[in-house]
Amino acid sequence: MTTTVAVIGLGAMGLPMAGRLAQRFTVRGFDIAAERVALAAEAGVIPASSAAEAVNGADAVLVAVRTGAQLDELLFGEDGLATHLADGAAVILTSTVGTEGIEAIAQQLAIHGAELVDAPLSGGPVRAGEGDLLIVVGATPAAVETARPVLEQLASTLSVVGDKPGDGQALKTVNQLLCGVHIAAAAEALALADALGLDRSRTLDALTAGAANSFMLGNRGPRALEAYDPEGAEVLSRLDIFVKDLGIVGDAARRAHLSTPVAAAAEQLFLLGEAQGLGALDDSAVIRVVAPERLS
């Protein structure tokens, strides 16, 4: 039975997930930024002075890193976590890092008596804190059962999409293709409405009430309308995350010898936004790439 969980990486998603898990489990947390560890402590998480201390004796280890290279270094680098994991521990990868190298990482963990649960998620920090995430899982049935109590505490929708690590990353790659394209399309639509002299708020209300609506239009649209304000929109999902994720989409498509021209066009908009210094802004700020100046 899962009683102790370690959370490694207390960033925008890791911190609210750790707080949510602390409502049910004993949770130890670690991040290289001391201020994030302090915030986690306020949420009921036991602060750890190192990642190795956090995972000591943990039944499940939830990892929230940015890239596959960071994951590999964390697990197998100098004093990597793999040597500190409890026998039978489930390492839950919540990040979107792509399928490359996942199988090899799972095999290396197995040598250390641990199993990789490939569980990328979607939903943002607010939903993470509320246990309202979408989580797609690729893992062996035994590993899924070990991780299930942790995943169910975080997810309103938990979908096991395959029985091997990498399957979760594959589905999340497809998911991010659609999300990136939808955000870019929403930005273009709202910029066009602005150029045609339409009232921005009324336009958004009309679009979200009809067949043109999408989750991303309804969710990012209001923030896109704030993108030109001096303080900008609240950052709930950084623009440069989609630079990374659509890069993963492009890499996957090339390996599959599949043409994805719409995703490639959306990727270019996010790359331009990053080049213009918008990377740390909310991803809805991609509207400022389409229309640098508000026209009406």
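## A stacked pair of rings

Phe 242 and Phe 270 are both buried. Keep in mind that this is a predicted model, here and in everything below.

How many aromatic pairs does the count come to? Just one. Its rings, those of Phe 242 and Phe 270, have centres 5.5 Å apart. Their planes sit at 25°, and since planes under 30 degrees apart count as stacked, the pair gets that label. As for where the two come from, Phe 242 belongs to helix 11 (residues 239-255) and Phe 270 to helix 12 (residues 261-275), so the pair ties together parts that are 28 residues apart in sequence.

## Strand 4 and its neighbours

Now over to strand 4, which covers residues 60-63. Which way do its side chains point? Ala 60 and Leu 62 go one way, while Val 61 and Val 63 go the other. Whichever way they point, all of them are buried.

Strand 4 pairs with strand 1 (residues 4-8) in the parallel sense, over four bridges. If you want a spot to look at, take Val 5, whose bridge partner in strand 4 is Ala 60. Strand 4 is also joined to strand 5 (residues 90-93), again by four bridges, and these two run parallel as well. Here you can pick out Val 63, which stands opposite Leu 93 in strand 5. To get from strand 4 to strand 5, the chain passes through helix 4 (residues 68-76), and this β-α-β crossover is right-handed.

## A nonpolar patch on the surface

Which residues make the nonpolar surface patch? The answer is Val 161, Leu 171 and Val 174, with a patch area of about 210 Å².

Val 161 has its place in strand 9, residues 155-162. Is Val 161 buried or partly exposed? With a relative accessibility of 33%, Val 161 counts as partly exposed. That value also fits the patch rule, because patch residues need over 30% relative accessible area.

## Gln 107 and Pro 165

One last stop is Gln 107, found in helix 5 (residues 102-111). Its relative accessibility is 49%, so Gln 107 counts as partly exposed; the cut-off for exposed is over 50%.

How far apart are the C-alpha atoms of Gln 107 and Pro 165? They are separated by 9.8 Å, with the two residues 58 residues apart along the chain.

Notes. Residues are numbered from 1 along each chain as its sequence is written. This is a predicted model: local features need pLDDT of at least 70, side-chain atom pairs count only at pLDDT 80 or more; totals for chains, interfaces and linings use all residues. Side-chain values use heavy atoms; hydrogens and water are left out. Buried means under 20% relative accessible area, exposed over 50%, partly exposed in between (1.4 Å probe, protein chains only). Two strands pair if DSSP finds at least two bridges between them. A crossover is right-handed if, with the strands pointing away from the viewer, the path from the first strand over the helix to the second runs clockwise. Patches are made of residues with over 30% relative accessible area and no salt bridge: like charges are joined within 9 Å, nonpolar side chains (Val, Leu, Ile, Met, Phe, Trp, Tyr) within 5 Å. Accessible areas come from the Shrake-Rupley method with a 1.4 Å probe; for residues, only the protein chains shown count as cover. A salt bridge is a side-chain nitrogen of Lys or Arg within 4 Å of a carboxyl oxygen of Asp or Glu. Rings of Phe, Tyr and Trp (its six-membered ring) pair if their centres lie within 6.5 Å; planes under 30 degrees apart count as stacked, over 60 as edge-to-face and the rest as tilted.
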